Amino acid sequence: MRLNGGMSELPIHVLNGPNLNTLGTRKPEIYGHTTLADVEADVRARAQSYGLEVVFEQSNWEGQLVDWIQRARTEACGIVINPAALTHYSVAIHDALEMCEMPVVEVHISNVHRREAFRHTSFVSPQATAVIAGAGVLGYELAVDVVARNLGLG
């Protein structure tokens with residue numbers, strides 16, 4: 001990561017996994033009514049307060065997320081990732097994150113530990129600098145704060 005006068009020249013990559021494109025309409029009793037576009041706008045505003053840019057992506061495909069993580073190794077100052085259902089079984093995402101030498105924050109909108117037992121296991125958490133779960137979509141903004149502070153910006 002290159003810092004220029006305390007500001008990173010590289011963006012934060014915010015990566016979203018399967019079904020997050022349906023945020024706002026899928027199970028609003030769990031995930032709320034905020035759309036992924038709303039989350040992106042909030043994340044961009046929070047990052048801008050630190051002088052950071054954002055690359056914001058969503059895919060329903062595990063391999064696409066792995067490609068984006070690998071790209072982030074050289075093109076990002078940090079990663080915020082909500083791997084969604086892939087959290088609980090993706091060794092590929094775990095291995096891709098293992099290669100990243102930057103802050104990585106795992107985000108979950110719901111408190112996965114209050115849900116089904118299979119959601120209690122994360123293959124991502126061992127590679128994460130921090131894990132934020134159960135804070136709703138605010139968790140994304142908090143993740144930006146964590147990345148920024150790990151970069152010495154906050």
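Which exposed residues does the face of α2 turned away from its buried side carry? Keep that in mind while we walk through this predicted model; we'll get to α2 after the sheet.

**Stop 1: the sheet.** Select the 5 strands in the order β4-β3-β5-β6-β7: they form an open sheet with parallel pairing. Colour β4 (54–58) and β7 (130–133) differently, since these are the edge strands, each pairing on one side only. Look along the sheet and you'll see the twist, which averages 15° from one strand to the next.

**Stop 2: β5 and β6.** Zoom in on residues 78–82 and 104–108. These are strands β5 and β6, running parallel and joined by 3 bridges. Pick V80 and you'll find V105 of β6 standing opposite.

**Stop 3: α3.** Now show residues 62–75, helix α3, which packs on the sheet and touches β3 (12–16), β4 and β5. Compare directions: that of α3 makes about 175° with that of β3.

**Stop 4: α2.** Select residues 36–48. With 13 residues at 1.5 Å each, helix α2 should span 18 Å, and its end C-alpha atoms are indeed 18 Å apart, so the two agree. Next, show the side chains of L36, V39, V43 and A47, which are buried in α2. They cover an arc of only 65° around the axis, so they sit on the same side of α2. What do they pack against? Bring up β3, β4 and α5 (138–150): those are the partners of the buried residues of α2.

Finally, spin round to the face of α2 turned away from its buried side, and there's the answer to the opening question: the exposed residues A37 and Q48.

Conventions: Residues numbered from 1 in each chain as written. Predicted model: local features only at pLDDT ≥ 70, side-chain atom pairs only at ≥ 80, totals over all residues. Heavy atoms only, no water. Pairing = 2+ DSSP bridges. Helix = DSSP H or I, 4+ residues; strand = E, 2+ residues; numbered from the N terminus. Axes fitted to C-alpha atoms, helices over the stretch in contact; angles between N-to-C directions. Contact = heavy atoms within 4.5 Å. Expected span 1.5 Å × (residues − 1). Buried < 20%, exposed > 50% of the residue type's maximum accessible area, 1.4 Å probe, protein only. Arc of directions from axis to C-beta.
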